[in-house]
Amino acid sequence: MNGGRRLVVALLFCFAASAVACGSGSSEQPTTLLRVLMTDDWVTMPFVDAVRSFEREHPNVRVVIEKGPISLLTDAVRAGISSGAPPDVVQGHAFSAAGQGLAQPLDDLWAAAHLDEAEFFPGAVEDVTWAGRHYGVPLDANALVLLYNAEVLRQAGVAEPRPGMTFPEFEALAKSLTTADGQRRGFVVTNSTWWAYGWIKANGGETVEIAGDGRPSLRLDSPQVVQTVSFLSGLIQKGYAFPPRAADSHTGDAVALFASGAAAMHASGSWDLVTLRRALPNSDFRVALMPKGPAGEPGSAMGGSSMWVPEGAEHRELAFAFMTHLISDANALRLAKEEGRLPVRPRVFDDPFFADPSLRVFFEQLRTAHPPKLGAFDGPSEEFTAALEDVFRPGGADARKALGDAQARALAVLKP
């Protein structure tokens, strides 16, 4: 047995060992088992309660929750499809699963359930769409926004970020928040490709265009991408932003710098805002829309996830019913209140809970947020990540050359 096969077998064993059966405890044998594969962090009480309410509505169904690390879910699904026993529902990104040939199209079920794209944020629909077809149901949403420490800004005597702020204005703000000794800087940069994509969308750029037949056209070295990455690199080289601490450094290090006050601003999603406010309740962390690049609109990266049905899944219609149950307004509101997971339907934001000014910013940003479709292509995505790491290090590479080289390598590894 080779190493990859052993990994998948071990993974499936872990899923089986950690499966959570959410039956009511009745001695009556259910007629149907619905297998739902989730990432570790999703199996919390609001989710489990939603599963139990689904079972009450479907008394002959027992939902079996299987969970594992997000990095290994795709391998587990592939193994399940190969063995003829895939899960019925998988959490992740439906567009990526469709691009890899793992997901079933669900247009007929969308029509039968009278789901309307207009009831969701546009980016949430994009997350479940591939080559013009629906391959899943949006689950939760998020968006890259600008977080800032209002107390640090007050102490520095500078105005808070305003809606419609441009890239040059953002650089001037970062400069004004940077101390002469560099102990405090205006901003912090990470190596996250999702993070970088948010800035690229704010400048009207795109890393990949997907044709109607699902074929990709890579844009890693397009003018807007180069301009954006050069701008972010310039913040580092001028000393206005902390660079990533290491080649594998992601948002954890950035959050630590921001929480300590060393970085006055940080771009991230609502999860970091929730964590920071819980850990530092006396601090004044606030949220602003992303700055607008010279070539762009006030766009951003869409976070969150969707749910999809693998090829060969046995209970297609029941799986769709489960997915639509999970995103009901009541369940979405509870997940927002208790877990910080933002709803995929704008109408849920009418609840008084979302009157919080920070949550209103997320609502506005979600209107212009898009999922990074490059994630559907492992090789090109890895090349883009490597280019960012090369550019964002202190004294880093020229963005135009690094991204041009990444484009060439990505085209070479892209499967026809």
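Here are four short exercises on this predicted model, each with a worked solution.

A bit of housekeeping: local features need pLDDT of at least 70 and side-chain atom pairs count only at pLDDT 80 or more, while totals for chains, interfaces and linings use all residues. Numbering starts from 1 along each chain as its sequence is written, and side-chain values use heavy atoms, with hydrogens and water left out.

**Exercise 1. Work out the strand order of the sheet that holds β8, and say which strands stand at its edges.**

Step 1: Get the elements. Strands (E, at least two residues) and helices (H or I, at least four) are DSSP runs, numbered from the N terminus.

Step 2: Pair them up. Two strands pair if DSSP finds at least two bridges between them. Strand β8 (residues 145-149) and β13 run antiparallel, with four bridges joining them. Across that pairing, Tyr 148 sits opposite Met 265, and Leu 146 faces Ala 267.

Step 3: Read off the order. The open sheet has three strands, β13-β8-β14, with antiparallel pairing. β13 and β14 (285-288) each have a single partner strand, so they are the edges, and one side of each lacks a neighbour in the sheet. On average, neighbouring strands here are turned by 30° against each other, direction ignored.

Step 4: Add the helix. Helix α12 (residues 270-279) lies across β8, β13 and β14, at about 165° to β14. Axes are lines fitted to C-alpha atoms, for helices over the stretch in contact (heavy atoms within 4.5 Å), and angles run from 0 to 180 degrees between N-to-C directions.

**Exercise 2. Are the two faces of β13 buried or exposed, and what does Ser 268 touch?**

Step 1: Set the cut-offs. Buried is under 20% relative accessible area, exposed is over 50%, and partly exposed is in between (1.4 Å probe, protein chains only).

Step 2: Check each face. In β13 (residues 265-268), Met 265 and Ala 267 are on one side, His 266 and Ser 268 on the other, and all are buried.

Step 3: Zoom in on Ser 268. Its relative accessibility is 2%, so Ser 268 counts as buried. Skipping neighbours within four places in sequence, Ser 268 is in contact with Ala 143, Leu 144, Val 145 and Leu 147.

**Exercise 3. Find the residues with a positive phi that are not glycine, using His 114 and Ala 131 as cases.**

Step 1: Recall the background. Most residues other than glycine have a negative phi.

Step 2: Take His 114. Its phi is about 60°, and the residue lies in the loop between α5 (107-112) and α6 (122-126). At 68% relative accessibility, His 114 is exposed.

Step 3: Take Ala 131. Here phi is near 50°, in the loop between β5 (129-130) and β6 (133-134). With a relative accessible area of 30%, Ala 131 is partly exposed.

**Exercise 4. Which classes of residue line the largest cavity?**

Step 1: List the lining. Among the lining residues are Trp 42, Asp 140, Arg 341 and Pro 343. β7 (136-143) and α14 (329-339) each supply at least two lining residues.

Step 2: Sort by class. The lining has nine nonpolar, no polar and two charged residues. Ala, Val, Leu, Ile, Met, Phe, Trp, Tyr, Cys and Pro count as nonpolar, Asp, Glu, Lys and Arg as charged, and the others, Gly among them, as polar.

Conventions
On a 1 Å grid over the protein atoms alone, a cavity is a set of points where a 1.4 Å probe fits but cannot get out, and a pocket is an open set with protein on both sides within 12 Å along at least five of seven lines; lining residues have an atom within 4 Å of a point.
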